[in-house]
Amino acid sequence: MNSTKALAQPKPWLTEAWDYVREIRNFEREDWFRYSCWIGTITSLLIGVSAFLAFGHSQGVQYPGYVWWIPIGVGMFVTALSIDDIGHRTLYKEDIKGGEEHVHQMIMVTAVTSVMALCLCYEHSETFAVAAAGLTALSFFYSIIDEALHWHRYLNKGVDRVEMWAHFVAIAGHVLMIAAWWHWYLEGYPGVAETVAQLPF
């Protein structure tokens, strides 16, 4: 008789993802508030950037091809984090209270303010360029710390494929978005002045 135990088979990918997302049913009122504020903030960036570029394009403004990576990157970022944050507020809620939660808040603050500084660079480059660079660097620094904390948790408590891939997509989206935005700024924001001139207000 073979005494070797059969290895546990992982769930199918779609089943695992669906089970992860369904954890949103366990949200408490505070979870809904925090989740809505964070996802609402980054979704507003996606809507704002997409609407601005779409309006300019509809008015005949020709943007460099790399500019379109900004809404694509933000879209990846929003989609991935809207999934990832469900697990943070349910499955791993207790685990991240030990410090990981504070790192998440530092990423939020530096990521949001770095984009705000880049926007302000359009008219006030001398004032905000250094701040934009510093905040961008800090956002990636804390993202690296966050990833290290995640891998420590993965290695000690088991790998969660959904959260791992959500993190990968979120980081990839952030890199695409911020790299394209920086290139846009360094090239003098081509297309922005033409779009602003067409705005009805």
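**Close-up 1. His183 sits in helix H5 of this predicted model**. Helix H5 spans residues 161-186. How accessible is His183 here? Its relative accessibility is 36%, so His183 counts as partly exposed. Val67 is the partner to look for in this view. The C-alpha atoms of His183 and Val67 lie 8.6 Å apart in space. Along the sequence, 116 residues separate His183 from Val67.

**Close-up 2. Arg22 and Asp19 join in a salt bridge**. The structure holds nine salt bridges, and the Arg22 and Asp19 pair is one of them. The two side chains meet at 3.0 Å, N to O. Is Arg22 buried, exposed or partly exposed? Arg22 has a relative accessible area of 32%, so Arg22 is partly exposed. Asp19 stands at 21% relative accessibility and also counts as partly exposed. The cut-off for buried is under 20%, so the 21% of Asp19 puts this residue in the partly exposed class.

**Close-up 3. Glu30 pairs with Arg34 within helix H2**. The closest N and O atoms of this salt bridge are 2.9 Å apart. Where do the partners lie relative to each other? Both belong to helix H2, residues 29-58. They are four residues apart, so about one helical turn separates Glu30 from Arg34. Glu30 has a relative accessible area of 48%, which makes it partly exposed. Arg34, at 36% relative accessibility, is partly exposed too.

**Close-up 4. Lys93 and Asp31 link distant parts of the chain**. Their side chains meet in a salt bridge of 3.0 Å, N to O. Lys93 lies in the loop between helix H3 (69-88) and helix H4 (100-157). Asp31 lies in helix H2. The two residues are 62 residues apart. Which class does each partner fall into, buried or partly exposed? Lys93 has 23% relative accessibility, so Lys93 counts as partly exposed. Asp31 has 4%, so Asp31 counts as buried. This salt bridge thus joins a partly exposed lysine to a buried aspartate.

**Close-up 5. Glu28, Asp31 and Lys93 form a network**. Which residues take part in this network of salt bridges? The members are Glu28, Asp31 and Lys93. The link between Lys93 and Asp31 is the 3.0 Å contact, N to O, of the previous view. Find Asp31 in helix H2, and then look for Lys93 in the loop between helix H3 and helix H4. Glu28 completes the set.

Definitions and conventions
Residues numbered from 1 in each chain as written. Predicted model: local features only at pLDDT ≥ 70, side-chain atom pairs only at ≥ 80, totals over all residues. Heavy atoms only, no water. Buried < 20%, exposed > 50% of the residue type's maximum accessible area, 1.4 Å probe, protein only. Salt bridge = Lys/Arg side-chain N within 4 Å of Asp/Glu carboxyl O.
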